[in-house]
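Trainee: I would like to learn how to read a chain from its coordinates. Can we take it feature by feature?

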Amino acid sequence: MTAWWRDAAIYQVYVRSFADGNGDGVGDLIGVRDRLPYLAGLGVDAIWLTPFYRSPMADFGYDVADYRDVDPLFGSLADAKALIDEAHALGLRVITDIVPNHTSSAHPWFQEALRGRHRDRYVFRDRPNDWESIFGGPAWTQVEDGQWYLHLFDPAQPDLNWDNDEVRGEFESVLRFWLDLGVDGFRVDVAHGMVKPRGLPDIGHPNQTTLIGKEPVPYFDNDGVHDIHRAWRRVLDSYPGERIGVAEAWAPTAERLAMYVRPDELHQAFNFHYLFTPWDAAELKAVIDSSLATAGSVGAPTTWVLSNHDVKRHVTRYGSLARARAAALLTLALPGSVYVYQGEELGLPEVLDLPDEVCQDPQRLRDPDSGRDGCRVPLPWTRESGWQDPWLPIPSEWAGLSVEAQEGVPGSTLELYRTALELRRALDGDLVWHESPEGTLVFSRGRFVCAVNLTATPVDFGIDGDLLIASGVPGAGDSAVWWKVK
């Protein structure tokens with residue numbers, strides 16, 4: 001058993017914004033397949049594909065109408081199979097998204113429910129409670145006969161009732177369908193959300209989304225979700241090749257998050273506590289220690305992630321490309337598995353000035369500033385972008401950040417990532433902290449040493465060894481360096 005997932009570098013492909021294979025301005029599976037050599041050359045071990053299933057696209061594919069087919073916008077089932085096979089031939093594993101908390105309102109099951117049949121597959125009740133949608137507004141919509149259905153996200157995404165055995169059986173069948181096609185695992189969307197508490201109790205106050213990931217809320221992180229994940233683990237373990245499950249789980253504490261990766265549950269969980277930690281040495285050290293300790297307590301690897309399709313890119317969050325490059329070296333040096341969001345290897349910032357008329361994210365209903373369109377702008381492959389009429393406009397100033405502009409250029413962010421990902425393969429051993437000046441972090445893993453200066457003032461770390469890679473001038477403000485010591 002290789003346990004490849006314990007230290008894997010996994011690249012997130014946001015399919016509609018990665019590469020356009022047919023020239024319609026929307027990324028697709030053909031485009032991903034065409035760019036697989038780029039991903040293999042980058043040095044990642046696996047790719048995670050966002051949903052490409054049949055969908056009305058009310059939430060960019062996270063509203064699934066058919067879990068066993070590919071939406072024509074992205075290609076065909078044959079394209080998916082060809083992509084998986086070619087990825088495997090290049091040494092890349094393929095993880096796909098599974099969306100079990102809700103379906104599309106266009107799903108045949110929900111259409112039946114609207115006609116009054118099999119409503120127990122979803123959460124219907126005669127009166128709504130006070131729960132709010134993550135996307136803003138109430139989490140309930142009334143149907144023609146007067147009943148209300150629950151949707152923790154968009155009204156086009158009705159929540160399934162996971163107390164229904166038919167729901168559980170259907171999703172185990174869906175998992176097997178894609179495992180039989182060759183996928184290496186699943187990223188489980190809203191892995192903390194499927195089970196709702198009995199009686200659906202009120203929360204008692206508004207602005208409930210501000211609590212998620214910080215305090216308990218009744219509709220998330222109920223203990224019953226773990227029975228589902230145990231059943232799914234049994235399905236995954238019944239296939240050869242170490243197929244994995246990755247939880248997108250928001251939990252109020254690291255200890256609660258660790259429950260999702262116990263030995264008989266999923267293999268990984270996204271570390272959102274690390275993602276949202278500010279550029280501060282003491283706070284980062286604390287969250288790294290906490291993450292390693294809690295995941296280690298259940299024998300699981302920690303995951304590290306700086307950006308994804310739901311949050312502002314970390315170049316913008318941290319305030320500079322220099323900090324983002326230093327954060328990349330810090331993150332890639334940590335023990336565990338790391339996720340790279342498409343475009344971070346180019347140093348892409350958040351696009352903050354998209355015209356209102358092109359923004360499409362339903363989360364903007366909550367408030368315009370919470371929209372996620374700015375982190376989903378298509379990837380610039382060439383100085384001219386490499387896209388025909390992309391679904392979101394690509395800033396002209398990204399010409400210098402394109403793959404074409406950075407390929408083979410010493411010191412570019414793309415080459416920084418390539419080199420770091422290659423060096424990372426040789427890293428082994430536990431993390432050991434070393435004393436260092438205030439505002440800095442220094443740790444070793446065997447003969448490897450990583451030093452990060454999170455201040456604006458240059459620091460002489462006084463480390464005697466061979467310099468492996470640096471995000472900028474060694475010791476400069478907002479920089480990180482790797483050494484191999486004697």
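Trainee: Start with charge. How many positive and how many negative side chains does the chain have, and how far apart do the centres of the two sets lie?

Mentor: First, a caution: this is a predicted model. For charge, count each sign, then compare the centres. Here there are 44 positive and 72 negative side chains. The centres of the two sets lie 4 Å apart.

Trainee: What does the secondary structure of the chain come to?

Mentor: Count the runs. The chain has 14 helices and 18 strands. Then check the overall packing. The radius of gyration is 22 Å, and the globule rule gives 23 Å for 486 residues, so the chain is as compact as a globular protein of that length.

Trainee: What does the C-alpha trace span along its principal axes?

Mentor: About 75 × 45 × 45 Å. Read that beside the radius of gyration of 22 Å.

Trainee: Now the surface. What area does the chain expose, and what share of it do carbon and sulfur atoms supply?

Mentor: The exposed area is about 18600 Å². Carbon and sulfur atoms supply 50% of that area. On the inside, 60% of the 486 residues count as buried.

Trainee: Among contacts between residues at least 6 apart in sequence, what share joins residues at least 24 apart?

Mentor: Sequence separation sorts the contacts. In this chain the share is 65%.

Trainee: Which residues have the most contacts inside the largest nonpolar core?

Mentor: Look for buried nonpolar side chains that join up. The largest such core has 141 residues. Tyr11, Leu39, Ile47 and Trp178 have the most contacts inside it. A second, separate core has 17 residues, including Trp131, Trp140, Leu200 and Val217.

Trainee: Take Ile47. Which residues is Ile47 in contact with, leaving aside neighbours within four places in sequence?

Mentor: The list is Ile10, Tyr11, Val13, Val32, Leu36, Leu39, Leu83, Arg93, Val94 and Ile95. Tyr11 and Leu39 also appear among the residues with the most contacts in the largest core.

Trainee: And Ala46: buried or exposed?

Mentor: Place the residue first, then test it against the cut-off. Ala46 lies in strand E2, residues 46-49. Its relative accessibility is 0%, so Ala46 counts as buried. Leaving aside neighbours within four places, Ala46 is in contact with Trp4, Ala9, Ile10, Tyr11, Leu92 and Arg93. Its C-alpha is 7.2 Å from that of Ile95, 49 residues apart along the chain.

Trainee: Next, backbone angles. What is the phi of His118?

Mentor: Look for a positive phi in a residue that is not a glycine. His118 has a phi of about 55°. His118 is in the loop between helix H5 (108-114) and strand E6 (124-125). With 37% relative accessibility, His118 counts as partly exposed.

Trainee: What is the phi of Asp389 near, and where is Asp389 placed?

Mentor: Its phi is near 45°, again positive in a residue other than glycine. Asp389 is in the loop between strand E13 (337-341) and helix H13 (403-406). Its relative accessible area is 69%, so Asp389 is exposed.

Trainee: Gln388 is found in that loop between E13 and H13. What does Gln388 touch, not counting residues up to four places away in sequence?

Mentor: Gly23, Asp24 and Gly25. Gln388 and Gly25 are 363 residues apart in sequence, and their C-alpha atoms are 5.5 Å apart. Gln388 is exposed, with a relative accessible area of 55%.

Trainee: Another loop residue is Asp154, between strand E8 (148-150) and helix H6 (165-181). Is Asp154 buried or exposed?

Mentor: Do not read burial from the word loop; compute the area. Asp154 has a relative accessible area of 12%; the cut-off is under 20%, so Asp154 is buried. Asp154 and Ser133 are 21 residues apart in sequence and 7.1 Å apart, C-alpha to C-alpha.

Trainee: Finally, Ala405 in helix H13. How far is its C-alpha from that of Gly336?

Mentor: The separation is 31 Å, for residues 69 apart along the chain. Ala405 touches Arg383, Ala399 and Gly400, not counting residues up to four places away. Ala405 is buried, at a relative accessible area of 15%.

How values were computed: Residues are numbered from 1 along each chain as its sequence is written. This is a predicted model: local features need pLDDT of at least 70, side-chain atom pairs count only at pLDDT 80 or more; totals for chains, interfaces and linings use all residues. Side-chain values use heavy atoms; hydrogens and water are left out. Helices (H or I, at least four residues) and strands (E, at least two) are DSSP runs, numbered from the N terminus. The radius of gyration is taken over C-alpha atoms; the globule rule is 2.2 Å times the number of residues to the power 0.38. Buried means under 20% relative accessible area, exposed over 50%, partly exposed in between (1.4 Å probe, protein chains only). Contact means heavy atoms within 4.5 Å. Accessible areas come from the Shrake-Rupley method with a 1.4 Å probe; for residues, only the protein chains shown count as cover. Lys and Arg count as positive and Asp and Glu as negative; His and the chain ends are not counted. The place of a charge is taken as NZ of Lys, CZ of Arg, CG of Asp or CD of Glu. A nonpolar core is a set of buried Ala, Val, Leu, Ile, Met, Phe, Trp, Tyr and Cys residues joined through side-chain atoms within 4.5 Å.
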